[in-house]
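I opened a fresh notebook page for this one. My plan is to go from the whole chain down to single residues.

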Amino acid sequence: MEIQVATLCDSASDYSGKLCILGTFDTICSSNTPIIQPHCSLALRICFKPGDEGEHVVVVRFIDDDGQPIMPPFREKIAVALPNDAYFLTRNLILNFQRLTFAKTGQFSLDVSVDDEMLARIPLRVILYRRDDQPPQV
């Protein structure tokens with residue numbers, strides 16, 4: 001199995017198996033703390049091939065630069081059964097976050113594991129800027 005898409009974005013949705021992503025980003029900036037992101041989504045597209053049939057556990061951990069969790073991990077079981085005539089099967093997984101709050105600036109990441117094997121690390125930078133500065137270009 002492989003992760004074809006793993007991104008943090010403004011929003012994502014699944015339309016009949018099509019993964020629709022709007023506004024991918026890797027930096028959140030604010031003029032003060034706590035830094036609050038009103039809404040964002042993690043969009044994943046996982047491709048399964050023959051030999052990947054069965055039940056799998058997907059775990060997403062949101063951690064800071066010290067490896068400490070900033071929220072409880074998300075766990076989802078996925079049952080995979082490829083049709084007889086299929087060479088692969090894809091599944092979309094979307095996690096929506098509301099009022100994501102950061103007490104401090106720094107480097108963060110969303111770590112995606114399937115069956116205890118880390119398959120993707122999505123980095124996130126959280127920074128401050130002064131009101132008289134221009135926000136950084138992201």
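**Entry 1: getting my bearings.** Before counting, I settled what I would count: helices and strands are DSSP runs, with at least four residues for a helix and at least two for a strand, numbered from the N terminus. I also noted that I am looking at a predicted model.

With that in hand, how many helices and strands does the protein have? I found zero helices and nine strands. Reading along the sequence, I wrote the pattern down as β-β-β-β-β-β-β-β-β.

**Entry 2: the whole chain.** I looked up the extent next, and the C-alpha trace spans about 60 × 30 × 20 Å along its principal axes. Of the 138 residues, 36% count as buried. The protein exposes about 8,200 Å², and carbon and sulfur atoms supply 48% of that area.

I then checked how far along the chain the contacts reach. Taking contacts between residues at least 6 apart in sequence, I found that 67% join residues at least 24 apart. For charges, I noted 13 positive and 18 negative ones, and their mean positions are 5 Å apart.

**Entry 3: the four-stranded sheet.** In what order do the four strands of this open sheet stand? I read off β2-β1-β4-β7, with antiparallel pairing. The edges are β2 (18-24) and β7 (89-102), each of which pairs on one side only. Neighbouring strands here are turned by 40° against each other on average, direction ignored.

I followed one pair in detail. Strand β4, residues 35-48, pairs with β7 over 13 bridges in the antiparallel sense. To place myself on that pair, I picked out I36, whose bridge partner in β7 is T101.

**Entry 4: a residue inside β1.** I stopped at C9, which lies in strand β1 (residues 2-15). Is C9 buried or exposed? Its relative accessible area is 0%, and buried means under 20%, so C9 counts as buried.

Which residues touch C9, leaving aside its neighbours within four places in sequence? My list reads I21, L22, G23, T24, F25, C40, S41 and A43. I also looked up L42: it sits 33 residues from C9 along the chain, yet the two C-alpha atoms are separated by 6.3 Å.

**Entry 5: the five-stranded sheet.** The other open sheet I looked up runs β3-β9-β8-β5-β6, and its pairing is mixed. Its edge strands are β3 (27-30) and β6 (74-80), each pairing on one side only. Neighbouring strands of this sheet are turned by 20° against each other on average, direction ignored.

I spent some time on β8, residues 106-114, which is joined to β9, residues 117-128, by nine bridges; the two run antiparallel. Within that pair I found L110 opposite I122, and V114 opposite E117. β8 also pairs with β5 (residues 54-64), through seven bridges and again antiparallel. There, V60 has V112 of β8 as its bridge partner.

How many of the nine residues of β8 are buried? I counted eight, so to speak, straight from the look-up: the strand is mostly covered.

**Entry 6: backbone oddities.** A reminder to myself first: most residues other than glycine have a negative phi, and most peptide bonds are trans. Then I went looking for exceptions.

- D115 has a positive phi of about 50° although it is not a glycine. I placed D115 in the turn of the hairpin that β8 and β9 form, with two residues between the strands. At 37% relative accessibility, D115 counts as partly exposed.
- R99 also shows a positive phi of about 50° without being a glycine. R99 is found in strand β7. Buried or exposed? R99 is exposed, with a relative accessible area of 55%.
- T33 and P34 are joined by a cis peptide bond, with omega at about -5°. I found P34 in the loop between β3 and β4.

**Entry 7: where I would look again.** If you are following along, turn back to C9 in β1, then trace β8 across to β9, and finish at the cis bond between T33 and P34.

Technical notes
Residues numbered from 1 in each chain as written. Predicted model: local features only at pLDDT ≥ 70, side-chain atom pairs only at ≥ 80, totals over all residues. Heavy atoms only, no water. Pairing = 2+ DSSP bridges. Axes fitted to C-alpha atoms, helices over the stretch in contact; angles between N-to-C directions. Buried < 20%, exposed > 50% of the residue type's maximum accessible area, 1.4 Å probe, protein only. Contact = heavy atoms within 4.5 Å. Areas by Shrake-Rupley, 256 points an atom, 1.4 Å probe, with all protein chains shown as cover. Lys, Arg positive; Asp, Glu negative; His and termini not counted. Charge placed at Lys NZ, Arg CZ, Asp CG, Glu CD.
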